[in-house]
Amino acid sequence: MADAHKRARRNPRYKTQYRVDNWPEYEASLRRRGDISFWVDEAVLQAWTPSKTSKRGGQRRYSDLAIETALTLRLLFHLPLRQTEGFLASLFRLMGLDLPVPDHTTLSRRNQTLVLHPRCFDRPAGPVWVIVDSAGLKVCGQGEWHRTKHGAKGRRQWRKLHLAVDEGGFILAQTLTQGHVQDPTEAPALLGRIEGEVHGFVGDGIYDEQGIYEAVLARGRRGGPEPRVVVPPRRNAVLSTDSDQAPTQRDEHIVAIRELGRPRWKRESGYYKQSHAEGAFSRHKRVFGGHLRARHDEARQREAELTCVLLNRMGELGRPESYPVA
């Protein structure tokens, strides 16, 4: 207990050091992420070309599964649409498969109306901590170089990706909005997309709103216990009028911060779980870059969803198990 008390009083800029306990297994999983072995299931061969419908007009030559496969390879290997077409054609040729390959025009058009297949991920069962955060992603445009050289005017275009992750960094839900959308407005949508029981909610100071507490508590009333909301109150926060008779969770946080100090409260309340969301964004930008390749908002929605699916798939190959050493 004495060591824990000392760590709580330590200056927050001195971070706790961690050591990976399963390094051989985690290192092997990192190597597997670079494995480019491909196999095509018999069910995929049958579903590659959709069955004809009774509707008038031209019939689709490629199913949603075929379009999703091509777009997934595009994002994974950072390919333009034309190179994606050639890459997929070369794979089929090497594998001896006689399958049609969607051209780049079809990929661009179908990306706006694509219906993604539901995914089943192997994540821990039981109540989860929902950790939320957001980050900006650039969209296609002429960029800073054009503005600097030619003096072009106009606001920079970007979108905001909102993520909800668990303690293991698994992405539970995501939304993509315009850059001006405030983070708290997307919290109810993220909570609504999460299946299972919610044990608690963690967010940074921007989520310090009454609506967040109400949305989390309403989400937890589906039969389970009341979930915890760990959001740091504003520095000038005051207690509610009924704090003496019926203190809220926010009132408890305000009292604890006054007694313990903000750094120690963050450590003891579990607020530092918020770093898992920051880590998810770090992986997202290191793997896929800090921009969106699609040029239409509908296609950008699919692109954001596919990148999150790929990150979860990579995480299934292996995750580090660390423990504090200082």
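**Exercise 1.** Is Glu27 buried, partly exposed or exposed, and what is its relative accessible area?

*Solution.* Start with the model: it is predicted, so local features need pLDDT of at least 70, side-chain atom pairs count only at pLDDT 80 or more, and totals for chains, interfaces and linings use all residues. Residues are numbered from 1 along each chain as its sequence is written, and side-chain values use heavy atoms, with hydrogens and water left out. Next, take the classes: buried is under 20% relative accessible area, exposed is over 50%, and partly exposed lies in between (1.4 Å probe, protein chains only). Glu27 has a relative accessible area of 33% and is partly exposed.

**Exercise 2.** Find the salt-bridge partner of Glu27 and place the pair.

*Solution.* A salt bridge puts a side-chain nitrogen of Lys or Arg within 4 Å of a carboxyl oxygen of Asp or Glu. For Glu27 the partner is Arg31, with the closest N and O atoms 4.0 Å apart. Both sit in helix 2 (residues 23-32), 4 residues apart, about one turn of the helix. Helices are DSSP runs (H or I, at least four residues), numbered from the N terminus. Arg31 is exposed at 57% relative accessibility.

**Exercise 3.** Describe the salt bridge of Arg110 with Asp64.

*Solution.* Their closest N and O atoms are 2.8 Å apart. The pair links distant parts of the chain, 46 residues apart: Arg110 lies in helix 6 (residues 104-110) and Asp64 in helix 4 (residues 64-77). Arg110 is buried, with a relative accessible area of 6%.

Conventions. Helices (H or I, at least four residues) and strands (E, at least two) are DSSP runs, numbered from the N terminus.
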